Amino acid sequence: MDALLATIPSPDRGVWYLGPLPIRAYALCIIAGIVVAIWWGERRWVARGGIKGEVTDIAVWAVPFGLVGGRLYHVITDNQKYFGPGKDPLAALQIWNGGLGIWGAIALGAVGAWIACRRRGIPLPAMADALAPGIVVAQAIGRLGNYFNQELYGGDTTLPWGLEIYRRVTPEGREDALAGIAIDHTPIQVVHPTFLYELLWNLGVALLIVWADRKFRLGHGRVFALYVAGYTAGRFWIELMRTDEATLIFGTRVNVFVSAIVFFGAVAYFVIAKSRGEREDVAALRGTGGDPAEPGAEAADATDVTGAEAVEDKSVAGDNEDDAAEKDKKNSPESVKPE
């Protein structure tokens with residue numbers, strides 16, 4: 001009984017209704033995380049020499065790509081939930097019911113960011129370094145959505161911070177962990193809150209990369225690589241604790257393998273990129289990877305034109321001066337010969 005009193009209660013629901021409009025805690029957490037990532041990324045980008053508003057421009061591309069990528073990864077790796085006998089394939093589109101894979105979100109989100117950076121002449125590694133701490137904090141905020149959904153938890157535990165799981169039902173009496181409401185708050189299970197473990201780990205990673213960035217002036221994508229390495233190191237052991245349904249490879253959850261592979265890739269990049277030197281000058285690099293029609297390129301073109309015009313004017317002025325000198329020479333007394 002004492003152990004139960006010390007445990008963490010779950011919310012009685014994850015969805016509220018404003019008339020016919022469902023307000024989902026999971027969606028609110030995702031939105032809040034995106035807002036924090038953009039706000040913090042904007043501050044860091046400006047501090048590194050970028051222009052205010054550019055992070056928002058990048059987010060317009062990266063966020064939709066990331067949401068699509070996250071959902072695709074989830075559907076591919078957990079396809080048994082949506083395809084097969086008795087399954088509803090259309091449920092794969094119901095993103096509001098949860099199910100976003102961070103690997104797909106980062107991968108496809110990076111593609112969207114790359115497109116946006118190319119359009120504005122911004123080096124992607126520099127932008128990624130500015131965004132990294134905000135991204136991992138956004139992930140931490142997003143894990144609160146799993147708390148409201150009563151999902152992503154581990155096995156049974158008697159630890160004081162064990163999470164109480166309730167039986168949720170719809171008004172019709174049908175059991176529904178996502179859309180239902182817990183009428184009886186007697187826990188049917190007390191489990192490891194692995195979502196909370198990951199939340200705290202992510203906040204620790206954010207502190208680590210901010211500290212390392214300030215102390216060693218990391219650049220060329222190394223802050224982002226350190227974030228990826230730190231996150232995957234934690235995801236590896238947390239994934240091993242989870243008991244929710246997942247695709248298995250050789251009896252091990254697929255995300256355990258993905259975490260290990262991505263970790264070593266991030267570490268390799270972090271080491272290799274060190275040879276590029278200290279943090280790049282964002283202002284000096286502007287336009288190196290962009291369209292010639294970018295503002296920076298237009299300014300350069302204008303400078304070239306102005307310079308050419310100046311040279312031409314100088315040449316014309318010089319010719320006029322030479323003509324005048326020649327005329328004066330002919331009219332001078334020395335030039336008049338005695339007859």
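Let's start with the strand pair. Strands β1 and β2 run antiparallel, and 4 bridges join them. β1 covers residues 15–18, and β2 covers residues 21–24. Keep in mind that this is a predicted model.

One pair to pick out: tryptophan 16 has isoleucine 23 in β2 as its bridge partner. Now the turn. The hairpin of β1 and β2 has 2 residues between the strands. Glycine 19 in this hairpin takes a positive phi, near 65 degrees.

Next, the loop between α6 and α7. Helix α6 is 194–216, and α7 is 222–241. Which residues in that loop should we look at? Arginine 217 sits there, and histidine 220 does too.

Take arginine 217. Its phi is positive, about 50 degrees, and it is not a glycine. Is arginine 217 buried or exposed? Neither label fits: its relative accessibility is 43%, so arginine 217 counts as partly exposed.

Now histidine 220. Again we have a non-glycine residue with a positive phi, this time about 60 degrees. Histidine 220 counts as buried because its relative accessibility is 14%, and the cut-off for buried is under 20%.

Last topic, the cysteines. How many disulfides does the structure hold? The count is 0. As a reminder, a disulfide is a covalent bond between the sulfur atoms of two cysteines.

And where do two of the cysteines stand on burial? Cysteine 29 has 11% relative accessibility, so it counts as buried. Cysteine 117 has a relative accessible area of 1%, so cysteine 117 is buried.

That's the tour. Questions, please.

Definitions and conventions. Residues numbered from 1 in each chain as written. Predicted model: local features only at pLDDT ≥ 70, side-chain atom pairs only at ≥ 80, totals over all residues. Heavy atoms only, no water. Disulfide = S-S within 2.5 Å. Buried < 20%, exposed > 50% of the residue type's maximum accessible area, 1.4 Å probe, protein only. Pairing = 2+ DSSP bridges.
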